[in-house]
Amino acid sequence: MPGATFALVHATLITVSGLPLADTTLLVREGKIAQLGGAVPDGVEVVDARGGYVTPGFIDMHSHMGVYPWPEGAAHADGNEMTTPFTPRVWAGDSFDPEDPAIPRARAGGVTTIQVLPGSGNIVGGRAAILKLRPSRTLEPMLFRDAPPAIKMACGENPKRVYGDKTDDDQVMSRMGEFAMIRAKFTEAREYRVARAGKSPPPWDENLEVLADVLDDKVRVNLHCYRSHDIAGWFRVADEFGFRIVTIHHALETYKVRDLLAAHGTGIATWPDWWGFKLEALDGIPEGGALVSSAGVPVATHSDSASHVQRFNIEAAKMVRYGMTEADALESITLDPARLLGVDARVGSLDVGKDADLVWWDKHPLDGTALAQRTWIDGAVVYDRATEGVPSGRR
């Protein structure tokens with residue numbers, strides 16, 4: 001139950017923020033990590049994880065679970081408001097289905113926090129929903145309270161594909177059009193922000209309110225972008241208008257411009273081995289994540305898939321295969337995404353005072369045969385292999 005007090009004993013704690021701690025006790029009290037090491041207090045429930053490993057809950061910062069729930073179909077496709085290239089007003093939480101059968105399977109793979117993003121059909125697609133995967137029939141209990149607001153933007157082939165054959169006003173068909181539109185919208189938002197502070201403010205405009213918050217660094221920008229020249233172009237726009245791109249998603253050519261990312265304080269969320277599936281993905285390389293990480297840039301491994309999220313530890317293990325250290329690969333599914341989401345004070349590592357979002361593994365999690373035995377969120381069990389096995393879907 002939430003807020004329970006218990007102790008995990010005789011496991012190796014993969015703290016992420018420091019060295020692993022062999023055969024060490026982890027005490028949870030009222031949903032928080034209360035103690036690493038030491039004796040178990042009298043009267044506390046003991047969970048014997050002998051021979052196993054305990055990690056922080058995994059964090060997937062690029063998910064479409066719940067907005068494209070199973071079974072797939074047009075009736076359930078609610079992640080893209082592709083009526084205009086500019087829809088910052090929409091919020092992914094309003095589409096989210098908490099009973100998506102993919103969610104319990106993600107918990108069984110050790111995933112405890114996700115960022116649900118609108119799709120990439122629009123240049124500005126809308127606001128993200130940051131959630132903890134607590135079992136729930138409704139959205140509100142799943143919300144990651146106090147997580148900074150975030151927004152999804154996109155460039156390149158996807159907006160071109162969606163709007164390229166349309167000739168209506170306020171449409172785009174080329175990269176020139178994409179950059180012209182985003183500059184025009186940020187100019188409008190900047191003027192709107194000034195006017196709203198004046199004596200005769202213009203009518204309230206939800207789209208411009210969101211972009212004005214981006215300009216004021218109140219909203220974290222997540223940019224879907226593949227090619228190095230697009231990335232450099234978006235940095236020009238960000239510099240011109242004075243906002244920060246916090247994370248570039250997919251990011252397959254960021255290895256070519258990792259110096260620019262480091263200079264702008266921008267991280268990436270990427271796959272270990274998806275590339276070549278469209279023209280702007282042709283220059284992706286599996287070593288890209290390791291190269292970007294070597295430049296001191298935060299790298300989050302993401303799923304972008306309701307299938308891959310079930311095997312998130314294997315996605316991280318692939319990063320090791322292509323040049324990352326084990327420590328950096330584990331950080332790419334825990335602490336780095338927590339930093340990029342702005343929630344690293346709460347989750348992402350095993351540290352006293354952080355939320356007890358935990359996973360007990362039977363083997364080292366980067367072993368491809370490792371299985372999560374139990375998953376906790378805020379100290380509450382949300383998955384137990386002994387009683388659930390492989391989750392079948394809806395509760």
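User: Which residue is the bridge partner of Ala154 in S11?
Analyst: In this predicted model, Ala154 has His224 of S11 as its bridge partner.

User: How many bridges do S10 and S11 share, and in which sense do they pair?
Analyst: There are five bridges between S10 (residues 150–154) and S11, and the pairing is parallel.

User: And on to S12: what does His224 pair with there?
Analyst: His224 has His249 as its bridge partner in S12. Strand S12 covers residues 245–250, runs parallel to S11 and is joined to S11 by five bridges.

User: Which helix does the chain go through from S11 to S12?
Analyst: The chain passes through helix H5, residues 228–241. This β-α-β crossover is right-handed.

User: Is S11 largely enclosed or not, and why?
Analyst: Strand S11 (residues 220–225) is largely enclosed by the rest of the structure, because five of its six residues are buried.

User: Different topic, the helices. At what angle do H3 and H4 pack?
Analyst: The angle is about 90°, and the axes of H3 (residues 175–196) and H4 (residues 206–215) lie 8 Å apart. With that angle, H3 is roughly perpendicular to H4.

User: Which residues meet there?
Analyst: From H3, the residues include Phe186, Ala189, Tyr192 and Arg193. On the H4 side, Leu208, Leu211 and Leu215 are among them.

User: How many are nonpolar, polar or charged?
Analyst: The contact of H3 with H4 has eight nonpolar and six charged residues, with no polar ones.

User: Which charged ones, for example?
Analyst: Lys185, Glu188 and Arg190 in H3 are among the residues that meet H4, and Glu209 is one of those in H4.

Conventions:
Residues are numbered from 1 along each chain as its sequence is written. This is a predicted model: local features need pLDDT of at least 70, side-chain atom pairs count only at pLDDT 80 or more; totals for chains, interfaces and linings use all residues. Side-chain values use heavy atoms; hydrogens and water are left out. Axes are lines fitted to C-alpha atoms, for helices over the stretch in contact, and angles run from 0 to 180 degrees between N-to-C directions. Helices (H or I, at least four residues) and strands (E, at least two) are DSSP runs, numbered from the N terminus. Angles under 35 degrees count as roughly parallel, over 145 as roughly antiparallel, 65 to 115 as roughly perpendicular and the rest as oblique. Contact means heavy atoms within 4.5 Å. Ala, Val, Leu, Ile, Met, Phe, Trp, Tyr, Cys and Pro count as nonpolar, Asp, Glu, Lys and Arg as charged, and the others, Gly among them, as polar. Buried means under 20% relative accessible area, exposed over 50%, partly exposed in between (1.4 Å probe, protein chains only). Two strands pair if DSSP finds at least two bridges between them. A crossover is right-handed if, with the strands pointing away from the viewer, the path from the first strand over the helix to the second runs clockwise.
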